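Dear colleague,

Please find the structure below, passed on to you for your own inspection. A description of what was found in it follows.

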Amino acid sequence: MEDLYNLDTTLAGLIAYYLKAFREVVSLSGATPGCFVNEYGDSGWDEWSATIDKMTYAFSEYAIHSNNWEHPLKDLPQEEQDKIKEGMHLFIKYFDKLNY
């Protein structure tokens, strides 16, 4: 039942785990969304992998530090909170690109 009580933490851990696995698999093929190729050209894969890393970091850190249900990240420095928020926003933005 604790998994449901802290569903945000549970999901963050699962998302981080699967993003890490996804990154490992797509790195074998170099699969890169077209929008990254169009915007960054030959650096598309590097930008895409950095984006996946930011998303993974965000959810991993959230899972570790979400110990306050009202303000899950309040004990972290603002810079760290901003990095986590950035990664989560990237996850939303590129959710439909998480395939290969």
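Ring pairs join Phe36, Tyr40, Trp48 and Tyr94 into a cluster. Please note that the model is a predicted one, and that every value in this message is computed from it.

Aromatic rings

Across the whole structure, the search finds 8 aromatic pairs. One of them is formed by Phe36 and Trp48, whose ring centres are 5.0 Å apart with 55° between the planes, a tilted arrangement. This pair connects distant parts of the chain, since Phe36 belongs to helix α3 (residues 34-40) and Trp48 to helix α4, 12 residues apart. Both Phe36 and Trp48 are buried. Another pair consists of Phe91 and Phe95: the ring centres lie 5.6 Å apart and the planes stand at 70°, so this pair is edge-to-face. The two rings of that pair can also be described by their accessibility. Phe91 counts as buried, because its relative accessibility is 15%, whereas Phe95, at 54%, counts as exposed.

A charged group also meets a ring in this model. The charged end of Lys83 sits over the ring of Tyr57, at 4.6 Å from the ring centre.

Surroundings of Trp48

Trp48 deserves a paragraph of its own. Its relative accessibility is 1%, so Trp48 counts as buried. Which residues is Trp48 in contact with, leaving aside its neighbours within four places in sequence? They are Phe22, Ala31, Thr32, Pro33, Phe36, Met55, Tyr94, Lys97 and Leu98. For Lys97, a distance is available as well: the C-alpha atoms of Trp48 and Lys97 are separated by 9.9 Å, although the two residues are 49 residues apart along the chain.

Ser49 in helix α4

Ser49 is located in helix α4, which covers residues 44-65. With a relative accessibility of 8%, Ser49 counts as buried. Its side chain reaches the backbone oxygen of Asp46 at 3.0 Å.

Salt bridges

How many salt bridges does a search of the whole structure find? The search finds 3.

One is between Arg23 and Asp53, with the closest N and O atoms 2.7 Å apart. Arg23 lies in helix α2 (residues 7-29) and Asp53 in helix α4, so this salt bridge ties together parts of the chain that are 30 residues apart in sequence. Arg23 has a relative accessibility of 23% and therefore counts as partly exposed. Asp53 likewise counts as partly exposed, at 38%.

Another salt bridge is made by the side chains of Lys54 and Glu86, at 3.4 Å from N to O. Here too, distant parts of the chain are linked: Lys54 is in helix α4 and Glu86 in helix α5 (residues 78-93), 32 residues apart. Lys54 is partly exposed, with a relative accessible area of 38%, and Glu86 counts as partly exposed at 37%.

The side chains of Asp96 and Lys97 also meet in a salt bridge, with an N to O distance of 3.5 Å. Lys97 counts as partly exposed, its relative accessibility being 27%. Lys97 is also among the residues in contact with Trp48.

Helix α4 therefore appears in several of the findings above: Ser49 lies in it, Trp48 is found in it, and Asp53 lies in it as the partner of Arg23.

With kind regards

Technical notes
Residues are numbered from 1 along each chain as its sequence is written. This is a predicted model: local features need pLDDT of at least 70, side-chain atom pairs count only at pLDDT 80 or more; totals for chains, interfaces and linings use all residues. Side-chain values use heavy atoms; hydrogens and water are left out. Helices (H or I, at least four residues) and strands (E, at least two) are DSSP runs, numbered from the N terminus. Buried means under 20% relative accessible area, exposed over 50%, partly exposed in between (1.4 Å probe, protein chains only). A polar contact is a pair of N or O atoms within 3.5 Å; within protein, one must be able to donate a hydrogen and the other to accept it, and residues adjacent in sequence count only if both atoms are side-chain atoms. A salt bridge is a side-chain nitrogen of Lys or Arg within 4 Å of a carboxyl oxygen of Asp or Glu. Rings of Phe, Tyr and Trp (its six-membered ring) pair if their centres lie within 6.5 Å; planes under 30 degrees apart count as stacked, over 60 as edge-to-face and the rest as tilted. A charge sits over a ring if NZ of Lys or CZ of Arg is within 6 Å of the ring centre and within 35 degrees of the ring normal. Contact means heavy atoms within 4.5 Å.
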